[in-house]
Amino acid sequence: MLDALVEALKGSLSLVLPDIVLLATVAVVFFGAPFLTDERGRSEAGLRHRWSWLALAAVGFSGWLWYQSTPVEVGDGPFRLDGLAWFVRGLSLATLVVLLLVNWNQVPDGASAESIGSLLAIGAGVNLIAASNDLVYLFLALELVSIPTYLFLFLPRRDAAAQEATTKYFLLSAFSSGLVLFGMSYVFGVVGSTNLQVIGQALAAGQNGPLPMLLPVAAILLIAGLGFRITAVPFHFYAPDVFQGAGTSGAAMLSFVPKVAGFVALIRLLIPSGWMGPDAQTLANLTGPTVWWLAVITMFVGNLLAILQTDVRRLLAFSSIAHAGYMLVGFQIGRETHAGIDGIDALLFYLTVYGAMSLGAFAALIATSDESKRYETIDDLGGLSRTRPAVALLMTLFLFSMMGLPPTAGFLAKLNLFFAAWSQGTESGRWLAIFLAVNAAIAAWYYLRIIAAMYLREPAHAENRHQEPAASVAMACCALVVLGLFFAPDWLWRAISVVS
Amino acid sequence: MDISVYAILLYAGMVAGFVVVNLALTHLLSPNKRTAVKQMPYESGMDPVGDARQPFDVKFYIVAILFLVFDVELLFLYPWAVSAYIDDASGVPAGLRDTVFGVMLVFMATLAIAYVYAWRKGVFKWR
Amino acid sequence: MDGVGLEAYLIVGAILFGCGFACLLVKRNAIAILMGVELLLNGANLNFLAFARFTSLGLDGQVIGLFVIVLAAAEAAVALAIALNFYNNHLSIDVDSAKELKD
Amino acid sequence: MLMLVTIFLPLVAAGLMLFLDIRATPTRARWTALIATLATFFASLGLAGEFLRLPSAEGVARAPVQPRMELRHDWLTLERTDAEGNSQPMRLEFYLGVDGISITMIVLTTLLCVCGVLVSWTSITERAAEFFAILMVLETGLIGVFCAFDLVLFYVFFEFTLIPLFFLVGIWGGPLRRYAAGKFFVYTLAGSLITLLGLVSLVWQATLQTGLETPFSLPALSEALRSNPLPDSVQTALFLAIAAGFMVKVPLVPFHTWLPLAHVEAPTAGSVLLAGVLLKLGSYGFLRLLMPMLPSGCWDVGVPLIAVMSVVGIIYGSLCALAQDDIKKLVAYSSVAHLGFCMLGLFALNVEGISGGVLQMINHGLSTGALFCLVGMFYERYHTRSLSQLGGLATRLPRLATAMVLITFASIGLPGLNGFVGEILALMGMFDAQHEFGRVYAALGATGVVLGAWYMLAMLQTAFFGELKEPHHDDHAEPVQDLGFREIVTLAPLATLCVVIGLFPQPLLDIINPDVKALVTVLNNVSHPSTRATQAAAEDQSQFPATSSASFGIPADESVAVLHLVNPSPAQPRPANPGIGE
C-alpha cells in the first residue's frame, strides 16, 4: 500500500513537471535578483537581457518536456493531463515566449528580474489551471496567475497612471477571486467532492447533495467571478484604464493570458469533458440564458464603445472585450450541438488565433516607440506606413485578422464560430450568429480607422528610428501564425478536436 | 433547540450588559469639571511631547507585512507536525515520513528564498 | 443533529459575503476595500468549513479552509504593499483621488 | 498548372515589387508592372486556348456547376457530430477550376489590368511601386474569384478584393478619398457578412438534408441539392440572405449609393477595374451561387425582386446620368443602368436571358473600361471633368473624339457593336421568360436603351461638338495634344474587341452555352406552379425556325439563342404563346 502512495505522488508530480521547471526558475530568479542590484535598485545595463535569456531557456526546456508528455487517462489525483491541459500548456508556453520577447526592453534593468519572474509564474499558473483536477488547485492556480499580474503590470512604468491601473486591477481581481471561491464553496458543499471529475459525473447523473437549489447560485457566482478575467461586460470596467495605464507589455499580457485562464477555468468548472448526451445536467445549462445574454451584451458594448475611442490602447482594450464576447458565443454553444461543429473547439481555435492577433498588435505598438515617448492616440500612428512600412504592414495584417477578413486566420476563426452557432439548430443559436455578423460589421469600422490613419494620412512623426529587434521578432512570429493558420489550419483544428 | 444554545446566549448577554452598565454608570455619576490639565493624555505623569499621531517610519509597515506572510506560513506546519510522527493509522505512514519531510524541506526552502530576497532588498536594514 | 444546523452556518456565510460585497462597493478607502475582500474570502471559508463539518467530507473542507486563510494573507500582503505605494504617490489612500486615467 | 500561374503571378510580382524595391522610381515600377500584367494576360490566353482544346462538354452529364479543368487541394476538415453523436468530416478544399463563364471573365480581367497599368502610366508619380503592386494584388483577387469552386474559397477571394481597392481609392484617390474608401469598404463588408451567414446556413441545411461529405464544393453541393432540393420556404429565406451581399456589389438600386462616390474618387486604373470587373463579382455571385443552389428560391422571390430592382436601376440610373455634370459620375450611373440589363437578363432564367446577361457582363466590362480610360485621359489633359466647362473638343482632339464616339456607341448598344448583342439577348430572354410579368419587365428594360442613347449622346454633343470651349487653364507652353501612341495602344484592343464581339458573338456564346444550359436544366425542372403550365410552350418555342440571319455569320442551329437581326418585328405570330395576363 505504501509504494502505491509513493507511486501516486510521483505520478501526479510527473504530470506537472514542465510547470515545476518554470516555478523552479522563478525561485532562482527571485533568489538571484537582490544580489545583482545595488541598494538604490540599479544594476549594470543588459541585465534584463540575461534574465530574459535564462527565462527563454527555461521555457524551452519546459516546452521540450511538454512535447515529450502525451495526454493520459484522467485519474482522481490532484492533477490531470488530458487533451485540453496538454493543448493549453503548449499555448501558454508559446505565449510566454512571445511575451518574453515583447517584454525585452520594457523593464528597467533594476526591476527586470521581478518582472520576468512574475511572467514565468503567470505562465506556470495558466498551465496549472488547465492541469488541475481539483477545486483547491484550480483556485490556487487562479491566484498564481493573478498575484504576479499585479507585479507585472506595475514594474515597466512606475508613474501615477500605472500605479492607478494596478490598484484598480488589484481591487477588482481580489473581488473576483472572492466570488469564484464563494461559488466553489457551494459547488463543493452540494456535490460533496473537490475532484472535478467526480463533480462532473455527479452533476450529470443528477444526484445532488443536501441543498440542490444552491447549484444555480454557485454557477452564477462562478461565471461572475471568471467573467471578470475574460472582461465580460458587467465586469469589464477595468480593462480600458488598465490597458492605457499599464506598460504596453503589461497590456499585451492582460489582453490574452487572463482570457486563456478564464475560459479554461470556465470549461473545467461548467462543462465537464466527455460526451454525456445533450441534456445531461451540467453547471452550464443550469444557468439558463445568462451566458447567452453575457455574450451578446459583451459583443455589443465592446464594439460600440470601441468606436468612440481615440487612444489606441483603449481601443484595443474594447476590441478585446468584443473578442471575449465572440468567444463567449463559442462557450454558450458548448458541446451540445447536433449536426454541427463543437462550440468548445471553435472557442479554442478562436482563442489561439486571437492570441496571435492581439499579441502581434501590441508587439507592433512596442516596435514603433519606446515607453518614454510612446504612441498614444490614433493620430500618433498617422502616416506610419511612410516612416515604418514593415511595422505598418504587419499591424494592418493583425487588424484585418481581428476584423475577420479572408487572407488571415481571423476569418477562419469567425467562420468556425458562425458554423458552430448556426448549426446548434436552436433559435438562440441562430440569433447569436446574426449578432456575431452584425458585430463583425461594426468592428470593421474602428479597425479601419486605424488602418486609414496609418496609410492614408501624412506622417505625424517625421522620423522614427526606434529599433526594437525583440518585439519585431515577436511581431513576425505572430504574423506567421496569423497567415499560416489561414493556409494550413488543419493541423491545429485536428489537434483541438482531438483534445476537447 | 436545547439548553446549550440558551447558555451561550445568556453568557453573551451578561458580558454585553456588564460592559454597558459600567460605561453608563461612570458616565452619569462622574463629576466632570473639564480643566486643561485633565484633558491632557495621561502618559504615566510625564508631559506628552508632540502629536500622538506621528506617522510611523515606513520600515515598520513593511516589516509588519512580512511578518503577516511568514506567520501565516506557520499554518502549514501544524498539520505536518501533528500527523507526521504518530504511529496510529491516521498519521503519515512510516515509510512516507522521509518523503513528507523532503516536501516540507522544499516548502521551507521557498520561504528561505523569500526571506533572503527581503533581507538583501534592505528591509531589515535599521537605519 | 440537534445543534445549530448546516443552514445556519450557510446563512452566516452568506451574510459575511454580503457585508464584504457591500463594503467593496461603498468604501473608498483602499484598506477598507481590502477588508471587504477579506470578509468575502472568509465568508467562503466559513462555507467550506460548515460543509466539512456537516456533510461526510471531513478533511477536504478543512484543507481548503487552510489554503484559503493562507491565500487571504498573501492577498492582504500584496494589497498593503500596493496601498503603501499608492500612499506615496497620492498622499492619501482615497481611491477616488486616482483620476489620471479619466480623460 | 497554367491556372495557378494566372492567379498567383500578379501576387508574386506584387510581392517582389513591395519587398524588393518599394522606393523604386516610377518608370521602373511602371515597366515591371506592365511586364507582369502582360505575362498574366498571355498566361490567361494560354489557359483559354487550353480550355478551348478540351473535348466539348455537350453530351456528358454534369452537375449544374462543373469546372472543366480543376485543381483540388485539401484545406480544412471540420468535424461535425451528427444526431447519434459520432462525428462526420466536413471538408473545405482549395478548389480552383475554370468553366465557360469564368474563362471569359478571367481574360477580361487580365486585359483590363493591362489597360489599367497603361492608363496610369503618367498620372501616378508618388508611391508608384506601391500603386502598381496593389493593382496586381487586386488582379489576383479578381481572377481568384472567377476560379474558386469552393464556397468558402469563393467568399475568401470575394472579400479579399476589398482590401486592395480600399488602398487604391484611399491613397491615390480624389479629394474625398478617405470617406469614399471607408464607406465603400464597410458597406460591401456588411453586405458580404450577411451573405456569409446565408452561405453557412445553406451548407448546414444541405448537410442536414444530404449528409454530404464535401458540402462546400460547388459541384458536389449543386449536385446534391438537385437530387433533393431544400424546401421552398427555406430556399426563399436563404436566397434573400445570400443575395444581400451580391446586391450591394452589383449596385442594384437601393444599395448603389457607394458606387458614384467610389468612382469619382478612385484613380483611373481603380475605376477601370472597379467598373470593368468588380461589379461583375456580384452578378457572377448570383450566377454561381444562387441559381444552381436555390432554383425555386430564384423563381419565387428572385425573379420579382431582382427584375424589379434591375428595371428600376436601368431607368433611375439613366435619369441620374442625364442630370450629371461630372463625366465620371455620368459613366458611373451608366454602369448602374448597364448592370441592370445584365441582371435583367440573368433573371430571365432561360438560355437566352442568362447567356445575354453573361455577354452583357463582358461587353459592359469592355465598353465601360474603355470609357473610364478615355475619361482618365481627358482628365490628364484638362484636369476637369465638368461638362459645363468643355465644348467642341473634336476640333482640338480628333483622335480622342473618334475613340470616344466609337466607345459611346458601343456602350449605348448600337447594332453591330457589342453592347447591342448583350442587351438584345437579355431583353429577348426576359421577353420569352415564363414568369407572368416577363413582358412588362422587358418592355420597361427596352426604354433603358433609349434613355442610354439620350444621355450618352447628350454628353458627346456638349463635350465634343459645337463651338470650341476649353476650360481656362494658364497658358503653359504647349497646347493640349491628341492621343499619344501609348493611349492608342490602350484603347485599341478594347475597341477592336467591341467591334468583333458585336459582329461575331457566336464563338463567345459557344464557350458560355454549355454551362448556361446546365444551369437552365436545374432551373427548369423546378416544379414551380407557373412553369409547369408553360413547360410545353417553352419546349416548342426553342425549335422556332431561325429566319435568315446567316448574313451576319450566325449559324442558325436551334440550340443557340434565336437572333432576329434581319427583321426585328417577328414575321408570324408565335404559336400558343403565354399572353401577358396569364
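How many residues of domain 1 of chain A are in contact with domain 2 of chain A? In this predicted model, 43 residues of domain 1 of chain A touch 49 residues of domain 2 of chain A.

## Chain A: two domains

The domain assignment splits chain A into domain 1, made of 15–37 + 44–285, and domain 2, covering 289–500. Measure between their C-alpha centres and you get 22 Å.

Now for the side of domain 1 of chain A that touches domain 2 of chain A. Four helices of chain A each chip in at least two residues there: H4 (83–102), H9 (214–229), H10 (238–245) and H11 (248–270). H11(A) gives the largest share, with 11 residues. Sorted by class, that side of domain 1 of chain A has 28 nonpolar, 13 polar and 2 charged residues.

## Chain B: helices, spread out

Chain B has 4 helices and 0 strands, so along the sequence the pattern reads α-α-α-α. Its radius of gyration comes out at 27 Å, well over the 14 Å that the globule rule gives for 127 residues, which means chain B is more spread out than a compact globule.

The box filled by the C-alpha atoms of chain B is roughly 75 × 60 × 20 Å along the principal axes. As for burial, 0% of the 127 residues of chain B count as buried.

## Where the chains meet

Between the chains, 11 residues of chain B are in contact with 10 residues of chain A. The chain B side of that contact breaks down into 5 nonpolar, 4 polar and 2 charged residues.

Terms used. Residues numbered from 1 in each chain as written. Chains lettered and ligands numbered in written order. Predicted model: local features only at pLDDT ≥ 70, side-chain atom pairs only at ≥ 80, totals over all residues. Domains from an automatic or database assignment. Contact = placed C-beta atoms within 7 Å. Nonpolar A, V, L, I, M, F, W, Y, C, P; charged D, E, K, R; others polar. Rg over C-alpha atoms; globule rule 2.2 N^0.38 Å. Buried ≥ 20, exposed ≤ 12 C-beta atoms within 10 Å, placed from the backbone.
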